[in-house]
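Me: I am in my first year and still learning to read structures. Please take one close look at the places where the ligands sit, and keep it brisk.

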Amino acid sequence: MKAAVLLSLVAAAAAGCTPNYPTTTIAGIEVVDTQLVRDALSMIKNSGLNDYVVKHQIRSWLYGAQQLNNNATLKSIVDPEAQAITILLHDLGWDQSPDSPWTTKEDRFEVDSANAARNFVLSHPGGKKWSKTKVQQMWDAIALQGAYGLASKKEPLVWGSIQGIAVDYRGAGVFGINQTIIDQVTKEFPDDDLLTGTNETFKWFCEYKPETTYDTWVEGWGTYFVPGYNPTGHRQVDQFRTVF
Ligand SMILES: *[C@@H]1O[C@H](CO)[C@@H](O)[C@H](O)[C@H]1NC(C)=O
Ligand SMILES: *[C@@H]1O[C@H](CO)[C@@H](O)[C@H](O)[C@H]1NC(C)=O
Ligand SMILES: *[C@@H]1O[C@H](CO)[C@@H](O)[C@H](O)[C@H]1NC(C)=O
């Protein structure tokens, strides 16, 4: 390692800053470009995941990256590589293929996704360099993706990842992302199938593994849209009721 690089890494560590990663540009957004990130991208593109999930994860990453690009303070407290991996892999548990390496019948999709992301990081030479804390925060961010009220009070990597994902659903005007950026990203990765894809996936969870959906934010998809789905008796509140 050259002395100048070493010195800048030491300075970054001393200041509590994140390291300087190599970057590239995707859809006009400057993003971190490490082997770990490249391999995560190629893994999701070549997996059994539906196209709408792959595009959702890529767009969410680009929005998350742009949030860091917009704000140097944020960039100094959210590790861009860890944010990239967290966002790119946050929905691995949406894989509906029968031989999915990620989706289980027993666990809710957030746990499947978090476990799969952790396995990916821990088995990759780049990920093996991550601290235990970083791996843990990635797991927490993915597991808490549907609970912003909790995630927003946790570490910067946790909320700094969820904020990227939120923009893909909520559009321009949240977390510093404007319409120009949205247009730029959706031109390359169209989002016209996001809502129908999410809808179909959540209904599928309620049919395929209903026990993992009761008393979670996915429950409403079952109640509204899945014939025969009935959470009554499976919720926490039910043990407090005497009449059903
Ligand atoms: C930049 O991010 C920091 C840390 O989250 C936040 O406190 C600050 O308000 C942000 N600045 C702007 C201009 O949004
Ligand atoms: C949108 O955001 C980008 C990146 O922060 C900025 O460069 C651009 O000027 C903004 N565009 C408008 C119309 O505000
Ligand atoms: C979600 O699925 C339900 C039931 O199939 C349907 O009525 C509704 O229009 C769908 N919503 C979207 C946004 O696809």
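What follows is a walk around two ligand sites, with a short stop at two loops.

Reply: Keep in mind that this model is predicted.

Start with ligand 2. Which residues surround ligand 2? They are Gln66, Asn70, Asn178, Thr180 and Ile181. Sort them by character. Four are polar, one is nonpolar and none is charged. Now look for polar contacts. The side chain of Asn70 has an N or O atom 2.7 Å from an oxygen atom of ligand 2. Asn178 makes a similar approach: one of its polar side-chain atoms lies 2.4 Å from an oxygen atom of the ligand. Both distances, 2.7 Å for Asn70 and 2.4 Å for Asn178, fall within the 3.5 Å cut-off for a polar contact. How much of ligand 2 does the protein bury? On its own, the ligand exposes 360 Å², and the protein buries 39% of that. Two helices each give two or more residues to this shell: α3, residues 51-70, and α10, residues 179-188.

Move on to ligand 3. Its shell holds Thr196, Asn199, Lys203 and Phe225. Here the split is two polar, one nonpolar and one charged. Lysine counts as charged, so Lys203 is the charged member of this shell. Check the contacts again. An N or O atom in the Asn199 side chain is 2.3 Å from an oxygen atom of ligand 3. For Lys203, a polar side-chain atom lies 2.6 Å from an oxygen atom of this ligand. Ligand 3 alone has 360 Å² of accessible area, of which the protein covers 48%. Which helix gives the most to this shell? Helix α11, residues 194-208, does, with three residues.

Now follow the chain into the loops beside these helices. Phe175 is in the loop between α9, residues 156-170, and α10. Its phi is positive, about 50°, although Phe175 is not a glycine. Is Phe175 buried, partly exposed or exposed? Its relative accessibility is 27%, so Phe175 counts as partly exposed.

Asp215 is the other residue to find. Look in the loop between α11 and α12, residues 219-225. Asp215 is not a glycine either, and its phi is positive, near 65°. Because its relative accessibility is 41%, Asp215 also counts as partly exposed.

Note on methods: Residues are numbered from 1 along each chain as its sequence is written. Chains are lettered from A and ligands numbered from 1 in the order in which they are written. This is a predicted model: local features need pLDDT of at least 70, side-chain atom pairs count only at pLDDT 80 or more; totals for chains, interfaces and linings use all residues. Side-chain values use heavy atoms; hydrogens and water are left out. A residue is near a molecule or strand if one of its heavy atoms lies within 4 Å of it. A polar contact is a pair of N or O atoms within 3.5 Å; within protein, one must be able to donate a hydrogen and the other to accept it, and residues adjacent in sequence count only if both atoms are side-chain atoms. Accessible areas come from the Shrake-Rupley method with a 1.4 Å probe; for residues, only the protein chains shown count as cover. Helices (H or I, at least four residues) and strands (E, at least two) are DSSP runs, numbered from the N terminus. Buried means under 20% relative accessible area, exposed over 50%, partly exposed in between (1.4 Å probe, protein chains only).
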